[in-house]
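Me: I have a structure open and would like to talk through how its features get their names. Could you take my questions in turn?

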Amino acid sequence: MPEKWLPPIYWDGDAVMILDQRVLPHRERTLRCTNPNQVISAISTMAIRGAPAIGVAGAMALALGARNLSTSDPKTFKRKFSALCEKVKRARPTGRNLSWAVERVCAVLGENPNATVAELEANIRGMADTILNKDIVDNQAIGSYGRKIIPRGARILTYCNAGALATADYGTALGVIRAAYDVDPSIQVYSCETRPFLQGCRLTVYELMRAGIPVTLITDNSVGSLMCQKKVDVVVVGADRIAANGDTANKIGTYMIAVLAHHHKIPFYIAAPRSTIDPTISDGEAIPIEQRDPREVTHFHGRPVAPGGAQALNPAFDVTPHSLITGIITEKGLVNKPYSKAIRKVLED
Ligand code: MRU
């Protein structure tokens, strides 16, 4: 494996550089994006994925777009920029971080009513940089709060990829695991494959191996058996959107693991920054669930694995009810039940 760790997204001068996660772990290819449409396409085709990472990418797409609106009239600039904000928001619907980041960047327009176009461009870029840098700091804080809930020598199960690759760096669920490993190198991780896009197999195992953290890859359908054999002490996963009552959307299959963890009395934690919480959504039923191309299920690396013409469903996320969640680890600390009250409070901090 190459020595140098490539961040999932970064600036190279005025270009947005995106590590193409579709070809990991076998190739490290970086996409150079010089206009917002290239970033939008990278988000919707999952060259970059993971809720916080696509929030950061959305903000950077807007900073790129702001420079190319070809007008010196602030009013025209604001009209065109607002239209671009709507377009970026639609790139992927479930992760709250994308709309959160777009709303924060778009707010720059209202906060600077008398600014020139050059000033607006600079402030928009400043906000995109703030979102990028704050994500890393938040993940480190999630890690330091989260490591306290990991028992000594724990065997931790995680799902999908909620690591450095899914964020600006460090990771949420994998941030907790990184921080726990720093104080207790005897922990071990089980990473589920995560059909159909294989984020667990391709990305989580890659990240943890590079960090030197012991990881064992398992198929998604072996979770129950492993729990039954008492080989899992705690589950830690990320989140795409958390409703006001704590119901949490995450990668399809998370709900299944939460039900199993509940049955086996294994603690089940969510690790996520507050930018994943959507206080405008009262419960999980209202969370929009992205339906992706069935070809991702019927084909693997472009080759069919199902009979030609087979029908398939491909919801990208499911919702875990708050009753199955032991706690939510945020950058402000651990959020416990009852969630409605605790979530309101953590958002005020
Ligand atoms: O479809 P993906 O790969 O974007 O889904 C990613 C997940 O579900 C992650 O668990 C979630 O975004 C949290 S990432 C810190």
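**The ligand and its surroundings**

Reply: Happy to! One point to begin with: this is a predicted model. In it, a polar side-chain atom of Arg-92 lies 2.8 Å from an oxygen atom of the ligand. The protein covers 99% of the 410 Å² of accessible area that the ligand has on its own.

Me: What makes the approach of Arg-92 to the ligand a polar contact?

Reply: A polar contact is a pair of N or O atoms within 3.5 Å, and the Arg-92 pair is at 2.8 Å, so the term applies. The backbone joins in too: a backbone N or O atom of Gly-50 is 2.9 Å from an oxygen atom of the ligand, and a polar backbone atom of Ala-51 is 2.8 Å from a ligand oxygen atom. Those two values also fall within 3.5 Å, so they earn the name as well.

Me: Which residues come nearest to the ligand?

Reply: Of the 19 residues around the ligand, these are Arg-92, Gln-199, Asp-240, Asn-250 and Lys-251. By class, the shell has 8 nonpolar, 7 polar and 4 charged residues. Helix 2 (51–66) and strand 9 (248–251) each supply at least two residues of that shell.

Me: How do you know that the ligand lies between domain 1 (9–140) and domain 2 (149–348)?

Reply: Both domains give residues to the shell around the ligand, so the ligand lies between them. The space taken by the ligand is also the largest cavity.

Me: Now the backbone. Why is the peptide bond from Leu-24 to Pro-25 called cis?

Reply: Look at omega, which is near 5° for that bond. Pro-25 is in the loop between strand 2 (15–19) and strand 3 (30–33). Another cis peptide bond joins Arg-195 and Pro-196, with omega about 0°, and Pro-196 is in the loop between strand 5 (188–192) and helix 7 (199–211). Most peptide bonds are trans, so a cis bond deserves a mention.

Me: What makes Cys-160 worth a look?

Reply: Cys-160 has a positive phi of about 60° although it is not a glycine. Most residues other than glycine have a negative phi. You will find Cys-160 in the loop between strand 4 (155–158) and helix 6 (173–183).

Methods
Residues numbered from 1 in each chain as written. Predicted model: local features only at pLDDT ≥ 70, side-chain atom pairs only at ≥ 80, totals over all residues. Heavy atoms only, no water. Near = heavy atom within 4 Å. Polar contact = N/O pair within 3.5 Å; in protein donor to acceptor, adjacent residues only side chain to side chain. Areas by Shrake-Rupley, 256 points an atom, 1.4 Å probe, with all protein chains shown as cover. 1 Å grid on protein atoms, 1.4 Å probe; cavity = no way out; pocket = protein on both sides within 12 Å on 5 of 7 lines; lining within 4 Å. Sits in = over half its atoms within 2 Å of the grid points. Helix = DSSP H or I, 4+ residues; strand = E, 2+ residues; numbered from the N terminus. Nonpolar A, V, L, I, M, F, W, Y, C, P; charged D, E, K, R; others polar. Domains from an automatic or database assignment.
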